[in-house]
Amino acid sequence: MLRFLVVLLFVPLAAAAQTFPSKPIRVLVGFTAGGAPDIIARMLGAKLQETLGQPIVVENRPGAAGNIAADTLTKSSADGYTLLMGNVSLTISTHATPKPPFDPALDLDPVGMVASLPLMLVVHTGVPVNSVNELIAYAKSRPGALNYASVGIGSAHHLSGELLSSLSGARMVHIPYKGGGAAIQALLAQEAHLLFLTPLALMPHVRSGKLKALGVTSSKRTAAVPEVPTIAEAGLAGFDVDNWHTLFAPRGTPRDVVARLNGELNRALYQPDVKHQLLAQQGAEAWPSTPEEARSHVRAEVEKWGRLIRTSGARLAE
C-alpha cells in the first residue's frame, strides 16, 4: 500500500514534466528595465520562447538588491512557470540582516549559470599610479586619504573595494552613489579616486584618456578588454569578483523540468549570436553549466562574501 501511495504521489510531477511547458513562463528580474539583468533576461527570453514554444514574460520587480523578486520566487509554485534572473547581489545581500528571509544556496533551485560579467578597476588621471601594485603602495602611504565610488552599498562594486582593502591592507573610504552614471561623473570630477564598474561603461573614458584602467576583477582576463590584466595577475593574488548572472527556479521544482530548462538555456548560450550579443551589449561572456555546477557556485559565493563581510566589517545598509 505504501509503495502504491508513493507512486501516486509522483505521478502528477512526472506528468507535469512530460507536458512542460504548457503555458507562458514568467521570468522575474529584481532590477529596473535597462540594467544588465533585465537586458540579459529579455535576450535569453526571446531565444527560450522559440525553443520552448511558449511566451516568456519578463517582469521587473526592483528593490532591496534583487531580494524583492527573489522573495516572490520563493513564494511561487515550484512548477517551472516562474523563474528568476538573479545575480551576485543575492549572495551578498543575504548577509545584510541577522535573519535573512531566504538563503539563495538553499531556498532556490539554480537552473544554470548564464553569464560572467567582471568589473574593471579604474582611477582618474590625477592619481599618480599606473598599476595595482602602485595603487596599493600609494594608498598605504596615505591611510584613509583615497576613496572609491560604487553604485551603492552592498553591491559587488562596493565589496570589490572592501576586498581590495582586505587583501592589500590599504585603508580606503567608500562613497556610494545612486547608479553607475553618477559614480562615473564623480570620478571624472575627481570627487572620488577609483571605481569598480563594468568595462563597457568605463572604456570610452579610458580611451579618451580621462581614466586609467588598472585591472579586471575576474580570475581570468575578459574578452571585453583582453588587454587589461586581472587584478590578481597585476599584483593582488586571490582577488576574484564576478558580477555573474544565474537563472533560478523555486525550491522543489521537478528535476525533469529543471533539466528541460537547463538544456534549452545552454543551447541558447552556445549560439554564436547570443555570445556576441552578451559581449557586445554587456561585456559579458556566456557561462553554460549544469544545475549542480550552478548550485555549487552559488553556495561558494555565499560563503565567500560572508567571510569578507565579517572580516572587513563592511556595512550593507545605510
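Leaving out neighbours up to four places away in sequence, E285 is in contact with V114, A115, S116, R221, T222, A223 and L279. This is a predicted model, and E285 sits in its strand β11, residues 285–286. From there we'll go to helix α2 and its two helical partners, then to α8, a buried asparagine and some backbone oddities.

**E285 and its surroundings**
- E285 is partly exposed, because its relative accessible area of 25% falls between the 20% limit for buried and the 50% limit for exposed.
- A224 is 61 residues away from E285 in sequence, yet their C-alpha atoms are 8.4 Å apart in space.

**Helix α2 on its own**
- α2 covers residues 36–52, so 17 residues in all.
- From first C-alpha to last, α2 reaches 23 Å, close to the 24 Å expected at 1.5 Å a residue.
- Its buried residues are A36, P37, D38, I40, A41, M43, L44, G45, K47, L48 and L52.
- For anyone tracing that pattern along the helix, an α-helix has 3.6 residues a turn, so residues three or four places apart point the same way.
- Right after α2 comes G53, with a positive phi of about 75 degrees.

**α2 against α9**
- Two packed helices are described by the angle between their axes and the distance between the axes.
- For α2 and α9 (residues 255–269), the axes come within 10 Å and cross at roughly 120 degrees.
- Why does the pair count as oblique? The angle of roughly 120 degrees lies outside the 65 to 115 range for roughly perpendicular and is not over 145, the cut-off for roughly antiparallel, so α2 and α9 are oblique to each other.
- α2 passes α9 in a right-handed crossing.
- On the α2 side, the contact uses L44, K47, L48, T51 and L52, which meet R260, L261, E264, L265, R267, A268 and L269 of α9.
- Sorted by type, the residues of this α2 and α9 contact come out as 7 nonpolar, 1 polar and 4 charged.

**α2 against α10**
- With α10 (residues 272–282), the axes of α2 come within 11 Å and cross at roughly 165 degrees.
- That angle is over 145 degrees, so α2 and α10 are roughly antiparallel to each other.
- This crossing of α2 and α10 is right-handed.
- A36, I39, I40, M43, L44 and K47 from α2 meet D273, V274, Q277, L278, Q281 and Q282 from α10.
- Here the contact residues divide into 7 nonpolar, 3 polar and 2 charged.
- L44 and K47 turn up in the α9 contact and in the α10 contact, and both are among the buried residues of α2.

**Helix α8 and P204**
- α8 spans residues 199–207 and includes P204.
- What do the buried residues of α8 pack against? They pack against β5 (120–124), α7, β8 and β9.
- The buried residues in question are P199, L202, M203, H205 and V206.
- P204, on the other hand, is partly exposed, with a relative accessible area of 48%.
- P204 and V57 are 147 residues apart along the chain, and 33 Å separates their C-alpha atoms.
- After α8 comes G209, whose phi is positive, near 85 degrees.

**A buried asparagine in a loop**
- N243 lies in the loop between β9 (211–216) and β10 (245–250).
- Is N243 buried or exposed? N243 counts as buried, because its relative accessibility is 8% and the cut-off for buried is under 20%.
- Not counting residues up to four places away in sequence, N243 touches N87, V88, L117, L119 and H157.

**Backbone oddities**
- Most residues other than glycine have a negative phi, and most peptide bonds are trans.
- Where is the cis peptide bond? A cis bond joins F20 and P21, with omega about -5 degrees.
- P21 is in the loop between α1 (2–19) and β1 (25–29).
- A64 isn't a glycine, but its phi is positive at about 55 degrees.
- You'll find A64 in the loop between β2 (56–60) and α3 (67–74).
- Q190 is another non-glycine residue with a positive phi, near 65 degrees.
- Q190 is in the loop between α7 (180–188) and β8 (194–197).
- With a relative accessible area of 47%, Q190 is partly exposed.

How values were computed:
Residues numbered from 1 in each chain as written. Predicted model: local features only at pLDDT ≥ 70, side-chain atom pairs only at ≥ 80, totals over all residues. Heavy atoms only, no water. Helix = DSSP H or I, 4+ residues; strand = E, 2+ residues; numbered from the N terminus. Expected span 1.5 Å × (residues − 1). Buried < 20%, exposed > 50% of the residue type's maximum accessible area, 1.4 Å probe, protein only. Axes fitted to C-alpha atoms, helices over the stretch in contact; angles between N-to-C directions. Parallel < 35°, antiparallel > 145°, perpendicular 65-115°, else oblique. Left-handed = near helix turned anticlockwise from the far one by under 90°. Contact = heavy atoms within 4.5 Å. Nonpolar A, V, L, I, M, F, W, Y, C, P; charged D, E, K, R; others polar.
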